[in-house]
Structure formats: structure tokens, C-alpha cells
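Here's a friendly walk through one protein, meant for someone meeting it for the first time. Have a look at the picture, then read on.

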Amino acid sequence: MTPLHIQVVTNAAQRPTAVLIAYEDWMAIQNKLSIETDYEVPAPRSINRYNGTLKLNQDPMHFQENMRGEW
């Protein structure tokens with residue numbers, strides 16, 4: 001990657017608060033990001049197929065209350 005021309009902005013206490021970059025550098029970054037993230041998002045799958053596969057010995061809310069009580 002080519003070097004970026006940046007300017008660090010500081011507050012009154014000389015702490016960094018922002019970074020300014022040249023518009024051309026920003027556009028190059030945007031182009032690169034759009035190329036790298038150009039993929040198809042898979043369709044969401046239903047979780048109903050897992051319904052009933054976990055056998056519990058006690059009520060989940062009671063279990064959670066007990067676990068939090070141990071803290």
C-alpha cells in the first residue's frame with residue numbers, strides 16, 4: 001500500500017482527537033474496501049431444526065439465577 005498523507009489533530013491537552021487524510025487517499029481506501037468486501041451474504045437459516053435437541057434437567061431461568069447468585 002502506498003504511504004498515506006495524514007495529519008493528527010490534537011485537543012488543548014495535546015491528546016490526539018482525530019486524523020485527517022487526503023481525499024485522494026480516502027477514495028483509494030474506499031475503493032479497496034469495496035472490492036475486498038464485495039461478496040454475497042448468505043441467506044439466514046432457521047434455528048428451528050435444533051428445537052428439542054437439548055434436554056434440560058431444570059428450568060433455564062432457575063439455572064441462570066443460581067449461576068448469578070454464585071458471583
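## Hardly anything buried

Of the 71 residues in this protein, buried ones make up just 1%. Keep in mind that you're looking at a predicted model. The accessible surface adds up to about 7,300 Å², and carbon and sulfur atoms account for 57% of that.

## Overall shape

How does the radius of gyration stack up against that of a compact globule? For 71 residues, a compact globule would come in near 11 Å, but this protein has 25 Å. If you follow the C-alpha trace along its principal axes, you get spans of about 60 × 40 × 15 Å.

## The parts list

The protein has two helices and two strands. Start at the N terminus and the order goes β-β-α-α. Strand E1 takes in residues 6-10, and strand E2 covers 16-21. As for the helices, H1 is made of residues 23-36 and H2 of residues 60-69.

## Around the strands

Ile 6 sits in strand E1, and it also belongs to a nonpolar patch on the surface. Its partners there are Leu 4, Val 8 and Val 19, and the four together show about 340 Å² of accessible area.

Thr 10 is another residue of strand E1. Is Thr 10 exposed, partly exposed or buried? Its relative accessible area is 37%, and since the partly exposed class runs between 20% and 50%, Thr 10 counts as partly exposed. From Thr 10 to Tyr 23 you move 13 residues along the sequence, and their C-alpha atoms lie 20 Å apart in space.

Between E1 and E2 there's a loop, and Gln 14 is in it. Gln 14 has a phi near 65 degrees, which is a positive value in a residue other than glycine. With a relative accessible area of 59%, Gln 14 is over the 50% cut-off, so it's exposed.

## Between the helices

The loop between H1 and H2 is home to Ala 43. Why does Ala 43 count as exposed? Because its relative accessibility is 63%, and anything over 50% falls in that class. Ala 43 and Ala 12 are 31 residues apart along the chain, with 49 Å separating their C-alpha atoms.

Asn 57 has its place in the loop between H1 and H2 too. Its relative accessibility is 84%, so Asn 57 is exposed as well. Asn 57 and Gln 30 are 27 residues apart in sequence, and going from C-alpha to C-alpha the distance in space is 52 Å.

## Charges

How many positive and negative side chains does the protein have? There are 6 positive and 8 negative ones. Take the centre of each set, and the two centres lie 8 Å apart.

Key:
Residues are numbered from 1 along each chain as its sequence is written. This is a predicted model: local features need pLDDT of at least 70, side-chain atom pairs count only at pLDDT 80 or more; totals for chains, interfaces and linings use all residues. Side-chain values use heavy atoms; hydrogens and water are left out. Patches are made of residues with over 30% relative accessible area and no salt bridge: like charges are joined within 9 Å, nonpolar side chains (Val, Leu, Ile, Met, Phe, Trp, Tyr) within 5 Å. Accessible areas come from the Shrake-Rupley method with a 1.4 Å probe; for residues, only the protein chains shown count as cover. A salt bridge is a side-chain nitrogen of Lys or Arg within 4 Å of a carboxyl oxygen of Asp or Glu. Helices (H or I, at least four residues) and strands (E, at least two) are DSSP runs, numbered from the N terminus. The radius of gyration is taken over C-alpha atoms; the globule rule is 2.2 Å times the number of residues to the power 0.38. Buried means under 20% relative accessible area, exposed over 50%, partly exposed in between (1.4 Å probe, protein chains only). Lys and Arg count as positive and Asp and Glu as negative; His and the chain ends are not counted. The place of a charge is taken as NZ of Lys, CZ of Arg, CG of Asp or CD of Glu.
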